[in-house]
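Trainee: Please take me through this model. I want to see how each label is earned.

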Amino acid sequence: MTPRSLLKRFEAIVRLRAPLAAGASALALTAGCATGDGSDFDPHERAQSYESQGFATSPVQLGQQDYEELLATFKRGESIPLDVCRRVCERLGGEQVTSCNLPLEADGEEPLTLMCTVEYRYFHPVGRRPPGLLSAAQAEGATACGRWFAESARLEEGAVLAFAALLDELRAHGAPQALQEACLQALWDEVHHTHLTRALALALGADPRRPEVEEFRVRPLLEIALDNAVEGCVQETWSALQATWQAHFAQPGPIQQALAAIAVDETRHAELSWDIDAWIMTRLDEGERQQVIDARAEAVAALRRALASVDTAPLPAALGLPDSAQALDLFDTLSADLLAA
Ligand SMILES: [Fe+2]
Ligand SMILES: [Fe+2]
């Protein structure tokens with residue numbers, strides 16, 4: 001499937017649902033994000049914040065190495081360090097891991113799962129997060145629109161780092177030239193997205209934070225494959241569809257134009273993820289391939305859980321975001337169509 005046919009598929013999915021979302025579109029025209037001098041900010045928007053999305057606690061099945069490490073911590077009666085929680089719990093797809101703990105089974109058996117508490121914010125259609133991206137406090141700004149674009153800008157810049165790291169890894173592992181070139185193109189796309197979203201955030205009175213990441217190292221192929229399955233095949237494909245939706249329903253003008261440009265590029269990045277997956281699977285043994293398939297299935301389930309907890313009510317309609325029911329409907333169509341591949 002080419003990016004062009006994938007985008008057509010996404011647009012068809014969105015258009016089919018357009019009558020259901022007509023209300024949201026009409027609302028987008030009246031509940032605007034001002035990008036002028038700020039004099040016409042919606043006063044309601046000033047008071048709104050998407051911090052109210054709250055927290056969710058979800059189980060994560062532990063791999064053997066994590067299990068032994070965390071069990072030893074648990075037996076020493078120590079609390080699990082936040083950086084360890086973040087590493088293990090990030091599979092849930094939430095943006096802010098706040099804590100985790102090992103629950104004791106009722107029958108006294110040793111625990112096999114980790115309970116992760118994650119603060120969910122609304123998803124930003126920026127796609128791939130770099131390995132070792134650290135959580136950040138919410139951006140400061142006068143409006144929810146501004147804060148939303150400021151967080152988008154931080155994650156878009158994170159995606160620049162993600163593609164820079166991936167490019168190094170593809171070169172180190174002798175990936176085909178076409179994949180390396182597509183990865184470089186994606187890197188420049190993310191630079192463009194960073195400029196677009198940063199400019200909107202600043203125009204809307206918010207100051208984006210820069211992404212912070214742990215030190216990068218070239219990873220073994222299996223680790224890259226697992227990361228690509230989650231961040232690429234699942235997250236970027238969903239991001240592309242969400243951006244396509246937003247491009248249809250966002251406030252006309254600079255916001256809609258930015259989202260339309262992002263949607264086209266993210267669709268190409270989604271396609272690249274699947275191309276990397278196809279190449280890398282040929283380099284793995286059967287057991288490793290199964291791990292990748294399992295990781296993808298786990299990421300699909302985690303993202304679905306996260307979308308079920310999304311609450312867009314506090315966010316301005318001008319952003320054209322799907323609400324939770326619409327997001328789940330879109331995601332289920334996508335899951336059936338692509339992620340089960
Ligand atoms: Fe992006
Ligand atoms: Fe992307």
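**Helices and cores**

Trainee: How do you know that helix α4 has the span expected of a helix?
Mentor: Helix α4 covers residues 64-75, twelve residues. The expected span is 1.5 Å times one less than the number of residues. That gives 16 Å, and the end C-alpha atoms are 16 Å apart, so the two agree. Helices here are DSSP runs of H or I, at least four residues, numbered from the N terminus. After α4 comes glycine 77, with a positive phi near 75 degrees.

Mentor: Two cautions on the source. This is a predicted model: local features need pLDDT of at least 70, side-chain atom pairs need 80 or more, and totals for chains, interfaces and linings use all residues. Residues are numbered from 1 along each chain as its sequence is written.

Trainee: Why is α8 called roughly antiparallel to α9?
Mentor: Their angle is about 150 degrees, with the axes 7 Å apart. Angles run from 0 to 180 degrees between N-to-C directions, along lines fitted to C-alpha atoms over the stretch in contact. Over 145 degrees counts as roughly antiparallel, so α8 and α9 qualify.

Trainee: What makes a set of residues a nonpolar core?
Mentor: The members are buried Ala, Val, Leu, Ile, Met, Phe, Trp, Tyr and Cys, joined through C-beta atoms within 7 Å. Buried means 20 or more other C-beta atoms within 10 Å of the residue's own, with C-beta atoms placed from the backbone. The largest core has 70 residues; Cys145 and Phe149 are among those touching the most other members. α6 gives the most, 15 residues. A second, separate core of nine residues includes Cys85 and Val88.

Methods: Chains lettered and ligands numbered in written order. Buried ≥ 20, exposed ≤ 12 C-beta atoms within 10 Å, placed from the backbone. Helix = DSSP H or I, 4+ residues; strand = E, 2+ residues; numbered from the N terminus. Parallel < 35°, antiparallel > 145°, perpendicular 65-115°, else oblique.
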